[in-house]
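Colleague: I'm new to this structure and would like a close look at a single part of it. Could you take me through the second largest pocket, and then show me what sits around that part?

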Amino acid sequence: MTRLEIRHLEVLLAVQRLPSLTQAAQRLGVTQSALSHRIREAERRLGIQLCERHNRALRLTPAGERIAAGAKAILRDLEELERQAQLSPSGISHILKIGSRAYSCYRWLPEFLKHFRTVEPGLAVEFVDDAATRPFEALEEDLVDVSIQSGTATARGIERVHLFRDELVAILPPQHPKAAQR
């Protein structure tokens, strides 16, 4: 029987990914005190130290890092298992997770989604907006399958495909001095 619970794994991942205890607690929706309590509880259950303080920051020990690395895969698999269980009755076989910072400004998106549903009826599209600030990490951590970003940034091991050129438009009040200019 396992000694750690899902909440312990989530805490270790949050501590690993975020620079402060405050941010880790906020990400999990708990107080700093509750987060510290969960860490101490996990350490007590395993009988080993998982975290240590370093210059006012909380860092994982090597044992904590090993558990966090495994936790990432376990939690991802559990989320996928839950999602697949929910999809089965609806006829959807897979969800394509797209990370995008401002998908509301993509004029092409509604028509694309309509076409996509006819071509791939068993595939649903889900937008993950909190993955947009860390697009490469979101891809590496399997939070998204595709990330739509502007600019030219690249990362090792990630394929970049040009989708379109988007025109930037300034909207000005009629009385503005530049409003009459092209």
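Modeller: Let's start with a bit of vocabulary: Ala, Val, Leu, Ile, Met, Phe, Trp, Tyr, Cys and Pro count as nonpolar, Asp, Glu, Lys and Arg as charged, and the others, Gly among them, as polar. Sorted that way, the lining of the second largest pocket comes out as 17 charged, 11 nonpolar and 1 polar residues. Keep in mind that this is a predicted model.

The pocket holds about 780 Å³ of space. Its lining is made up of 29 residues, and those nearest the centre are Arg 17, Leu 75, Glu 79, Glu 141 and Leu 143. Which elements give two or more residues to that lining? They are α1 (6–17), α2 (21–28), α4 (62–87) and β3. Of these, α4 gives the most, with 9 residues.

Now follow β3 out of the pocket and you land in a sheet. It's an open one with 3 strands, in the order β4-β3-β5, and the pairing is parallel. The edges are β4 (123–127) and β5 (146–148), each of which pairs on one side only. On average, neighbouring strands here are turned by 30° against each other, direction ignored. Strand β3 covers residues 94–100 and pairs with β4 over 5 bridges, in the parallel sense. If you want a spot to look at, find His 94, which stands opposite Leu 123 in β4. Helix α5 (residues 109–119) packs on this sheet, where it touches β3 and β4, and its direction makes about 155° with that of β4.

There's also some enclosed space to compare with the pocket. Searching the whole structure turns up 1 cavity of 30 Å³ or more, and the volume of the largest cavity is about 30 Å³. Its lining consists of Val 15, Leu 18, Pro 19, Ser 20, Leu 21, Ala 24 and Leu 58. By class that gives 6 nonpolar residues, 1 polar and no charged ones, whereas the pocket lining has 17 charged residues.

Leu 58, one of the cavity residues, leads us to the last piece. Strand β2 (residues 57–60) pairs with strand β1 (residues 51–54) over 4 bridges, this time in the antiparallel sense. Look for Cys 51, which stands opposite Leu 60 in β2. The two strands make a hairpin with 2 residues between them, and Asn 55 in the turn has a positive phi of about 50°.

How values were computed
Residues numbered from 1 in each chain as written. Predicted model: local features only at pLDDT ≥ 70, side-chain atom pairs only at ≥ 80, totals over all residues. Heavy atoms only, no water. Pairing = 2+ DSSP bridges. Axes fitted to C-alpha atoms, helices over the stretch in contact; angles between N-to-C directions. Contact = heavy atoms within 4.5 Å. 1 Å grid on protein atoms, 1.4 Å probe; cavity = no way out; pocket = protein on both sides within 12 Å on 5 of 7 lines; lining within 4 Å. Points joined across faces, edges and corners; volume = space filled by probe spheres on them.
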